[in-house]
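Work through the exercises below with the model open beside you. Each task is followed by a worked solution.

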Amino acid sequence: MRRGFSPFPTRTDRLRSREGLDLEPPVERLQPWSLLALAQGTYYVVVGAWPLVHPRSFAKVAAPRQLTKALGACCVNVGAHLIRAALRGGRPRRDERGLALRMAATFAAFDFQSACRRRNRSVPLVDALPQLGFIALWGATAVAERRALGRPPVAAHA
């Protein structure tokens, strides 16, 4: 038997065998604000893809034809940006949170205006509810963040 040879794998052998593998980093649980950005981004991508996939049905329900594709493309772009921010991990940056909040407020305002002008008022109001929900949830995360900043730090070796 050779000197230093063991038929049983050692810890260093296992580490060496893992070096060649292309392991992905461990998946962490998304933070609440990342989940919110993911939910809002997914919603915008789905709603924004609707006029691009079937503009005729979207025009009947939501907006005049000339606006359907432009609205859909804007919605998809914002949704994709929010999804990317959510999947990046950590808290979305201030500008991303501001974008999400302003888009929700803008869509809610247009939905309420459309509900006041149309005979079928329920359709725009159905879209306004998730927008108001996103506004409320982003506000709640801002309040929670301010509270967390006001707390004293947890001692590392207490």
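**Exercise 1. Place Ser34: which helix holds it, is it buried or exposed, and what does it contact?**

Step 1. Ser34 sits in helix α2, residues 32-53. Helices here are DSSP runs of H or I with at least four residues, strands are runs of E with at least two, and both are numbered from the N terminus.

Step 2. The relative accessibility of Ser34 is 0%, so Ser34 counts as buried. The scale calls a residue buried under 20% relative accessible area, exposed over 50% and partly exposed in between, with a 1.4 Å probe and protein chains only.

Step 3. Set aside neighbours within four places in sequence; Ser34 then contacts Ala86, Gly89, Gly90 and Pro92. Contact means heavy atoms within 4.5 Å.

A note on the source: this is a predicted model, in which local features need pLDDT of at least 70 and side-chain atom pairs count only at pLDDT 80 or more, while totals for chains, interfaces and linings use all residues. Residues are numbered from 1 along each chain as its sequence is written, and side-chain values use heavy atoms, with hydrogens and water left out.

**Exercise 2. Describe how α2 packs against α6.**

Step 1. Two packed helices are described by the angle between their axes and the distance between the axes.

Step 2. For α2 and α6, the angle is about 160 degrees and the axes are 11 Å apart. Axes are lines fitted to C-alpha atoms, for helices over the stretch in contact, and angles run from 0 to 180 degrees between N-to-C directions.

Step 3. That angle makes α2 roughly antiparallel to α6. The classes are roughly parallel under 35 degrees, roughly antiparallel over 145, roughly perpendicular from 65 to 115, and oblique for the rest.

Step 4. The crossing of α2 past α6 is left-handed. Left-handed means the near helix is turned anticlockwise from the far one by less than a right angle; clockwise gives right-handed.

Step 5. List the residues. From α2 come Trp33, Leu36, Ala37, Ala39, Gln40, Tyr43 and Tyr44; from α6 come Asp127, Pro130, Gln131, Phe134, Leu137, Trp138 and Thr141. By class, this contact has 10 nonpolar, 3 polar and 1 charged. Nonpolar covers Ala, Val, Leu, Ile, Met, Phe, Trp, Tyr, Cys and Pro; charged covers Asp, Glu, Lys and Arg; the others, Gly among them, are polar.

**Exercise 3. Repeat the analysis for α5 and α6.**

Step 1. Helix α5 spans residues 94-117 and helix α6 spans residues 122-150. Their axes come within 8 Å and cross at roughly 150 degrees.

Step 2. α5 and α6 are therefore roughly antiparallel. α5 passes α6 in a left-handed crossing.

Step 3. Residues of α5 in the contact include Arg97, Leu101, Met103, Phe107 and Phe112, and those of α6 include Leu125, Gln131, Ile135, Trp138 and Glu145. The full contact divides into 16 nonpolar, 2 polar and 4 charged residues.

**Exercise 4. Trace the salt bridges: how many are there, and which residues form a network?**

Step 1. Side chains of opposite charge can pair when their charged atoms come close. The rule here asks for a side-chain nitrogen of Lys or Arg within 4 Å of a carboxyl oxygen of Asp or Glu. The count is 5 salt bridges.

Step 2. Arg88 pairs with Glu96, with closest N and O atoms 3.0 Å apart. Arg88 is partly exposed at 41%, whereas Glu96 is buried at 1%.

Step 3. Glu96 also forms a salt bridge with Arg93, at 3.5 Å from N to O. Arg93 is partly exposed at 43%. Shared partners join Arg88, Arg93, Asp95 and Glu96 into one network.

Step 4. Glu145 and Arg91 form a salt bridge at 3.5 Å, N to O. This pair links distant parts of the chain: Glu145 is in α6, and Arg91 is in the loop between α4 (65-88) and α5, 54 residues apart. Arg91 is partly exposed at 42% relative accessibility.

**Exercise 5. Describe the surroundings of Cys75.**

Step 1. Cys75 belongs to helix α4. Cys75 is buried, at 3% relative accessibility.

Step 2. Beyond neighbours within four places in sequence, the contacts of Cys75 are Tyr44, Val45, Val47, Gly48 and Phe107.

Step 3. Cys75 and Phe107 are 32 residues apart in sequence, and their C-alpha atoms are 9.8 Å apart in space.
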